[in-house]
Amino acid sequence: MIASNNLGPHSKLFNKEFHCKQSYTPGVTLAVAGRVSVALTVFFLLPIASYATTVALGGISFNTLIPSGGGVAGVTDFEVDNFTGSFALPSDFPVIANLTFQNSKLLLTEQGGTQEVIPLGDITPGANTPNSLDFSSTLDFVSAAFTATLSSQTFALSDGTTFEATSSQISSAVDPSAGSTLSPDIDFSLIVASGTSVATSVPEPRSLPLAFIASASLLAALRLNRRYRRLV
């Protein structure tokens, strides 16, 4: 018959082992760690949420070209600006890709209702002031409506995001800010595009290593914790 005092150490060891098994379940903990690691990696790979917005591409202005004086009528003109690409002006005009306003037209409505459509062709980045948009200062305009087609619906912005225009068709209208006719050097209108701005889906160079480091650190900590518990 084995003495009861010989069972003491074995009994304590058995209880300790049983206690460790009860308080720690490596399989479940590592499974959770795996899910967290995947979640961390996905988080760093996900792009910034897209959002609907508008972006300014340029503008149309009604200006004084030659002031009137001495009983002689002056000259006014319309200027169409394409502030994209090399003529971008972040953050007001943030499109850093070169866009062309294709097949552009300007519909002018004079006081009295007479209308004239002036074809402007393809407008590349920069200021566009053709002679066809020069007029006598004695001529009053009620409005000027610009229409064109964008050369691309997807283009890069200065903040690193990509803009996706809802439509390739753009339009802008210059209306009187006061009174019934346009005032030179005062009235203007922005040319804008509506769409969605979204960050690139490719992670930055330092984002991916951060994801792996975080995941590896978590798994290493859990494995170390498991070894420590086994030794206790």
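Select F78 in this predicted model. Setting aside residues within four places in sequence, F78 is in contact with S61, F62, L106, L108, N128, T129, L133, F135, F141, A144 and L182. Show these residues as sticks, keep F78 in a separate colour, and look at what surrounds the ring.

**The core around F78**

Which residues touch the most other members of the largest nonpolar core? They are L57, F78, F101, F146, L150 and F155, in a core of 30 residues. Next, colour the strands that supply at least two residues each to this core: β1 (51–66), β2, β3 (101–110), β4 (115–123), β7 (141–150), β9 (161–165), β10 (169–174) and β11 (188–199). The largest share, five residues, comes from β7.

**Along β2 to T76**

Stay with β2, which covers residues 75–82, and select T76 in that strand. Is T76 buried or exposed? T76 has a relative accessible area of 4%, so T76 counts as buried, the cut-off being under 20%. Now display the contacts of T76, again without the neighbours within four places in sequence. They are F62, N63, T64, L65, L133, D134, F135, S136, S137 and P184. F62, L133 and F135 appear in this list, and F62, L133 and F135 are also among the contacts of F78.

**Strand β1 and its two partners**

Move to β1. On one side of the pairing list is β2, joined to β1 in the antiparallel sense over eight bridges. Another partner is β11, which pairs with β1 in the antiparallel sense over 10 bridges. Select I60 to see both pairings: I60 stands opposite V80 in β2, and I60 also stands opposite S189 in β11.

Now select G59, also in strand β1. With a relative accessible area of 10%, G59 is under the 20% cut-off and is therefore buried. Leaving out residues up to four places away in sequence, G59 touches E79, V80, D81, S189, L190 and I191. Draw a distance between the C-alpha atoms of G59 and L190: they are separated by 4.2 Å, although the two residues are 131 residues apart along the chain.

**The outside of β11**

From L190, add F188 and V192 to the selection. What do F188, L190 and V192 make? They make a nonpolar surface patch of about 270 Å². As a general point, side chains in a regular strand alternate between the two faces of the sheet. Within the patch, look at F188, whose place is in strand β11. F188 has a relative accessible area of 54%, which is over 50%, so F188 counts as exposed.

**Strand β7 and its two partners**

Return to β7. How many bridges join β3 to β7? There are eight, and the two strands run antiparallel. To find one of the pairs, select L107, whose bridge partner in β7 is A145. β7 is also joined to β10, by six bridges, and β7 and β10 run antiparallel. Select A144 to see this pairing, where A144 stands opposite V174 in β10. A144 is also one of the residues in contact with F78, where the tour began.

**Three backbone details**

Before the next stops, one general point helps: most residues other than glycine have a negative phi, and most peptide bonds are trans.

Select P90 and S91. The peptide bond from P90 to S91 is cis, with omega near 0 degrees. S91 lies in the loop between β2 and β3.

Select N103 next, in strand β3. N103 is not a glycine, yet its phi is positive, at about 50 degrees.

The last of these stops is D185, in the loop between β10 and β11. D185 also has a positive phi, about 70 degrees, although it is not a glycine. D185 is exposed, with a relative accessible area of 53%.

**The whole protein**

Clear the selection and show the full cartoon. The protein has three helices and 11 strands. From the N terminus on, the elements run α-α-β-β-β-β-β-β-β-β-β-β-β-α. Of the 232 residues, 31% are buried. Among contacts with a separation of 6 or more, 69% are between residues 24 or more positions apart. Finally, turn on the surface: the accessible surface comes to about 14,000 Å², and 59% of it belongs to carbon and sulfur atoms.

Notes. Residues are numbered from 1 along each chain as its sequence is written. This is a predicted model: local features need pLDDT of at least 70, side-chain atom pairs count only at pLDDT 80 or more; totals for chains, interfaces and linings use all residues. Side-chain values use heavy atoms; hydrogens and water are left out. Helices (H or I, at least four residues) and strands (E, at least two) are DSSP runs, numbered from the N terminus. Buried means under 20% relative accessible area, exposed over 50%, partly exposed in between (1.4 Å probe, protein chains only). Contact means heavy atoms within 4.5 Å. A nonpolar core is a set of buried Ala, Val, Leu, Ile, Met, Phe, Trp, Tyr and Cys residues joined through side-chain atoms within 4.5 Å. Patches are made of residues with over 30% relative accessible area and no salt bridge: like charges are joined within 9 Å, nonpolar side chains (Val, Leu, Ile, Met, Phe, Trp, Tyr) within 5 Å. Accessible areas come from the Shrake-Rupley method with a 1.4 Å probe; for residues, only the protein chains shown count as cover. A salt bridge is a side-chain nitrogen of Lys or Arg within 4 Å of a carboxyl oxygen of Asp or Glu. Two strands pair if DSSP finds at least two bridges between them.
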